[in-house]
Amino acid sequence: MLLALVLVASACDDGGDDGTGDPRPTRGVKRGTLRVHSHTDVDALDPGVAYASFDFALLRGMVRELYSFDTRLTGERSLVPVPDLADGPYLLSDDGRTYTFRIRRGVKYAPPVDREVKAADFVYAVERQLDPEQPPPGSPNPYARLISGADDFAAGRARSISGMKATDSHLLKITLDRPASDFPSILTLPFFSPVPEEYASKYQLGADYAKHVVASGPYKLDQYLPGRRIQLVRNENWDPRTDPLRSAWVDKVSVDIGRSEAEIQQAIEEEGQADLNLDAVPPPVDDLQRLFNDPTLSRRLAVETTGCVHYLTMQMDAGPTTELAVRQAVNYAIDRQAVVLAIGGAYAGAPASTVLSPTLAGYSAFDLYPSQDAAGDPDKARALLAEAGYPNGVTLTYVGRSEARWKALYEVLESSLGRAGIKLDPTFYDGLDAYSKSLRLRAKRDEHHLGAARWCPDVPGNGARSVGVLLDGRLIRPTANNNYGSYNNPKVNQLIDQAYAARDEQAGTALWGQIDRLVMEDAAWAPLVYDRETFFWSSRVRNWTFTPWLSNPDITNLWLDPNTP
């Protein structure tokens with residue numbers, strides 16, 4: 001049994017079924033503006049490039065996919081993808097490569113498109129991401145290339161993707177190069193939401209289209225001022241009879257960007273200021289115990305296992321970290337228990353020793369760099385540095401985020417690595433800029449011998465594939481590079497291929513376990529924390545329900561107390 005069962009959604013007051021067997025909330029009220037305060041902006045609200053949980057949380061209300069997830073379900077059922085824009089289950093060919101979807105009728109785009117979603121829109125959505133004529137940022141979608149002909153199209157050798165065919169206006173066929181049992185789960189990602197060509201072709205992929213994205217879901221974009229504000233309002237063309245997964249109780253979603261952690265917490269606690277946060281900013285560490293000890297406030301708290309992992313990526317082709325012994329020394333030196341305490345203690349997670357999260361198939365509990373109480377072993381680390389030719393210690397560059405929680409993580413790393421003679425030369429970036437302006441750029445590799453990062457499964461349960469893009473040496477690229485340390489082990493690459501193509505889930509699980517161990521033997525990463533996230537919401541929020549598909553609450557299925565402003 002997958003330990004993903006710990007990800008069971010937590011529904012708070014006024015949720016659940018009404019005794020009739022219908023899990024849909026029975027006391028929801030269509031009204032009000034959901035007020036979201038955030039520290040950072042979204043990464044890219046264009047569904048063709050969006051790859052952050054904050055984006056996913058908002059896009060849940062804006063766009064729909066062939067398959068999605070039902071946040072009203074619990075247990076193992078909550079981890080199984082279900083039809084959304086697909087009108088019923090798909091048909092799968094005998095060779096496991098071709099999926100046929102009937103598109104649900106009556107689903108209309110928001111103005112100014114004002115027409116039904118068609119099968120051809122799914123084809124265009126992928127082609128625009130792979131279009132060789134598109135300027136940077138290009139596409140981070142690592143999954144489109146599962147589709148036959150995608151590589152030829154991206155290279156300009158073909159005018160269309162041969163593996164995607166709209167055989168009529170409501171029938172779509174997708175053929176893969178090889179079987180992929182997790183493909184229905186992959187289709188839940190916004191990358192595969194439909195995009196109308198006659199409208200979207202006027203805008204460039206990324207930041208340009210993000211300001212004009214057209215909705216197929218219950219909410220449309222009313223305003224996006226980057227770094228300041230996002231406002232979603234109802235899509236007047238959305239028909240709840242065509243949407244089995246979203247209730248869309250609130251009238252508007254208003255996002256105020258640029259608040260500090262303390263400001264966000266204060267605004268949510270004070271009536272009438274804010275309702276929740278969606279960009280992974282939990283209550284400040286100093287407030288957690290107070291909140292949990294308060295019988296009233298604690299009812300508005302949840303600690304959820306996210307499946308995410310905090311880790312240090314280590315540069316494999318620049319600086320002292322090219323030496324295995326240096327990377328091993330870093331792993332031995334880190335006081336992971338102190339890291340956990342610095343970012344929130346038991347509320348924040350547990351010390352990590354593997355690449356895979358305990359929530360994923362293939363995980364096993366092993367530790368190749370053990371220490372007493374996960375407090376680090378500086379003596380072992382010093383010996384390894386001497387072996388690598390650094391008997392007097394070494395200085396490593398470091399890139400991290402500037403928020404208080406990430407700065408606290410850095411301070412613990414600086415202290416524990418310092419005990420072993422490892423000094424840090426840091427560069428800090430605001431929010432997700434740490435990725436876009438440094439970690440994902442190979443030209444900046446000398447700036448991040450160590451890079452503080454966090455990865456989350458793109459899909460829960462059978463989601464180990466999403467870590468493959470962070471480790472596959474064949475996917476290293478100059479920009480938009482998700483393999484931050486340029487790790488390239490041919491044996492790992494081969495095992496990744498085998499795991500992707502495995503049609504037997506047990507075989508795939510075993511392969512991911514092998515990959516995990518090999519990466520840790522190479523010390524490509526220094527895992528830090530298996531994450532838990534503490535969420536806090538305002539007193540007027542009802543049916544707050546966490547879903548591991550978003551690592552966030554589902555904004556389309558919560559509502560606001562009608563007795564509050």
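**Figure 1. Overall size of the chain.** With 565 residues, a compact globule would have a radius of gyration near 24 Å; this chain has 23 Å, which agrees. The model is predicted. The C-alpha trace spans about 70 × 60 × 45 Å along its principal axes. The chain holds 16 helices and 20 strands. Of its 565 residues, 61% count as buried. Among contacts with a separation of 6 or more, 73% join residues 24 or more positions apart.

**Figure 2. Surface and charge of the chain.** About 21,200 Å² of the chain is exposed. Carbon and sulfur atoms supply 47% of that area. The chain carries 60 positive and 75 negative side chains. The centres of these two sets lie 4 Å apart.

**Figure 3. Thr98 in strand E5.** Strand E5 covers residues 98-102, and Thr98 belongs to this strand. Thr98 has a relative accessibility of 19%, so it counts as buried; the cut-off for buried is under 20%. The side chain of Thr98 makes a polar contact with the side chain of Thr175, at 2.9 Å. Leaving aside neighbours within four places in sequence, Thr98 is in contact with Leu91, Leu92, Ser93, Ile174 and Thr175.

**Figure 4. A cis peptide bond between two prolines.** The bond runs from Pro111 to Pro112 and is cis. Its omega is near 10°. Pro112 sits in the loop between E5 and helix H2, which covers 119-130.

**Figure 5. Helix H9, enclosed by the rest of the structure.** H9 spans residues 324-333. Nine of its 10 residues are buried, so the helix is largely enclosed by the rest of the structure. The buried residues are Ala325, Val326, Arg327, Gln328, Ala329, Val330, Asn331, Tyr332 and Ala333.

**Figure 6. Leu385 in helix H11.** Helix H11 runs through residues 378-387 and includes Leu385. At 1% relative accessibility, Leu385 counts as buried. Leaving aside neighbours within four places in sequence, Leu385 is in contact with Val326 and Ala329, both among the buried residues of H9. Other contacts of Leu385 beyond those four places are Tyr390, Pro391, Gly393, Val394, Ala420, Gly421 and Ile422. Thr556 is 171 residues from Leu385 in sequence. In space, the two are 52 Å apart, C-alpha to C-alpha.

**Figure 7. Gln315, a buried loop residue.** Gln315 lies in the loop between strand E11 (301-314) and H9. Its relative accessibility is 0%, so Gln315 counts as buried. A polar atom of the Gln315 side chain lies 3.2 Å from the backbone oxygen of Tyr484. Leaving aside neighbours within four places in sequence, Gln315 is in contact with Thr321, Thr322, Arg445, His448, His449, Tyr484, Gly485 and Ser486.

**Figure 8. Ala280, a loop residue with a positive phi.** Ala280 is not a glycine, yet its phi is positive, at about 60°. Ala280 is in the loop between helix H7 (261-269) and helix H8 (285-293). With a relative accessible area of 33%, Ala280 is partly exposed.

**Figure 9. Ala480, a buried residue with a positive phi.** Ala480 has a positive phi of about 50°, although it is not a glycine. The loop that holds Ala480 lies between helix H14 (465-471) and helix H15 (490-501). At 16% relative accessibility, Ala480 counts as buried.

Terms used:
Residues numbered from 1 in each chain as written. Predicted model: local features only at pLDDT ≥ 70, side-chain atom pairs only at ≥ 80, totals over all residues. Heavy atoms only, no water. Helix = DSSP H or I, 4+ residues; strand = E, 2+ residues; numbered from the N terminus. Buried < 20%, exposed > 50% of the residue type's maximum accessible area, 1.4 Å probe, protein only. Polar contact = N/O pair within 3.5 Å; in protein donor to acceptor, adjacent residues only side chain to side chain. Contact = heavy atoms within 4.5 Å. Rg over C-alpha atoms; globule rule 2.2 N^0.38 Å. Areas by Shrake-Rupley, 256 points an atom, 1.4 Å probe, with all protein chains shown as cover. Lys, Arg positive; Asp, Glu negative; His and termini not counted. Charge placed at Lys NZ, Arg CZ, Asp CG, Glu CD.
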